[in-house]
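Please open the structure in your viewer and keep the selection tool at hand. Each stop on this tour names something to select and then describes what is there.

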Amino acid sequence: QVQLVESGGGLVQPGGSLRLSCAASRSVASMKTMGWYRQAPKKERELVVLINSGGTTIYADSVKGRFTISRDNAKNAIYLQMNTLKPEDTAVYYCNAVVGNTIYWGQGTQVTVSS
């Protein structure tokens with residue numbers, strides 16, 4: 001059983017920052033991958049960043065240099081620090097975990113970037 005709960009979304013002006021949190025019910029260190037996806041209105045869900053069990057990360061080109069994923073094994077959590085936010089970052093952000101070949105999703109947290 002893996003439960004994922006996101007928090008930290010909200011409204012921010014362009015150029016601002018937000019930090020998203022994802023609390024997991026099990027050890028994040030043991031998971032095959034964890035990451036963040038996002039889904040904007042009328043668009044498909046897309047990868048933001050993944051981190052594997054060894055700490056290797058893969059970022060979407062659109063967020064490289066602006067977003068940073070981190071993992072706190074002691075707290076069973078991952079985070080997404082989002083800086084220099086743009087209106088096109090507006091989306092529901094979902095925490096994701098893969099255990100074996102099973103994919104788990106959080107309920108999502110809304111991020112709105114608007115002036």
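The tour goes from a sheet to its rings, then to a core, and ends in the loops. Please keep in mind throughout that this is a predicted model.

**The open sheet**

Begin by selecting the four strands of an open sheet, whose order is 1-3-8-7 and whose pairing is antiparallel. Look next at the edges, where strand 1 (4–7) and strand 7 (67–72) each have a single partner strand, so that one side of each is left without a neighbour in the sheet. Going from one strand to the next, you will find a twist that averages 15°.

Now keep strand 7 selected and add strand 8 (residues 77–82); the two run antiparallel and are joined by six bridges. To see one position in this pairing, pick isoleucine 69, whose bridge partner in strand 8 is leucine 80.

**The aromatic rings**

How many aromatic pairs does a search of the whole structure find? There are two. Select tyrosine 37 and tryptophan 105 to see an edge-to-face pair, with 5.1 Å from centre to centre and 75° between the planes. Tyrosine 37 belongs to strand 4 (residues 33–39) and tryptophan 105 to strand 10 (residues 102–105), so this pair ties together parts that are 68 residues apart in sequence.

Leave tryptophan 105 selected and add tyrosine 94: the ring centres are 6.4 Å apart and the planes stand at 85°, so this pair is edge-to-face. Here the link is between tyrosine 94 in strand 9 (residues 91–99) and tryptophan 105 in strand 10, 11 residues apart. With Tyr37, Tyr94 and Trp105 shown together, you have a cluster linked by ring pairs.

Are these residues buried or exposed? Tyrosine 37 counts as buried because its relative accessibility is 19%, and tyrosine 94 counts as buried at 12%, whereas tryptophan 105, at 36%, counts as partly exposed.

Before leaving the rings, add arginine 45, which lies over the face of tyrosine 94 at 3.7 Å from the ring centre. Then move to arginine 19, whose charged end sits over the ring of tyrosine 79, 4.0 Å from the centre of that ring.

**The nonpolar core**

Next, select Met34, Trp36, Leu80, Met82 and Tyr93, which have the most contacts inside the largest nonpolar core, a group of 30 residues. Among the elements that give two or more residues to this core are strand 3 (18–24), strand 5 (46–52) and strand 11 (109–113). In soluble globular proteins, nonpolar side chains tend to be buried together. If you centre the view on tyrosine 93, you can look for the residues that it touches, including Leu20, Trp36, Phe67 and Val111.

**The hairpin and the loops**

Return to strand 9 and strand 10, which run antiparallel and are joined by four bridges, and find valine 99 opposite threonine 102. Two residues lie between the strands of this hairpin, in which glycine 100 takes a positive phi near 65°.

Most residues other than glycine have a negative phi, and most peptide bonds are trans. With that in mind, select lysine 42, which has a positive phi near 70° and lies in the loop between strand 4 and strand 5; at 87% relative accessibility, lysine 42 counts as exposed. The last stop is threonine 84, in the loop between strand 8 and strand 9, with a positive phi of about 50° and a relative accessible area of 46%, which means that threonine 84 is partly exposed.

Conventions. Residues numbered from 1 in each chain as written. Predicted model: local features only at pLDDT ≥ 70, side-chain atom pairs only at ≥ 80, totals over all residues. Heavy atoms only, no water. Pairing = 2+ DSSP bridges. Axes fitted to C-alpha atoms, helices over the stretch in contact; angles between N-to-C directions. Phe/Tyr/Trp six-rings, centres within 6.5 Å; stacked < 30°, edge-to-face > 60°. Buried < 20%, exposed > 50% of the residue type's maximum accessible area, 1.4 Å probe, protein only. Lys NZ or Arg CZ within 6 Å of the ring centre and 35° of its normal. Core = buried A, V, L, I, M, F, W, Y, C linked by side-chain atoms within 4.5 Å. Contact = heavy atoms within 4.5 Å. Lists of a residue's contacts leave out its neighbours within four places in sequence.
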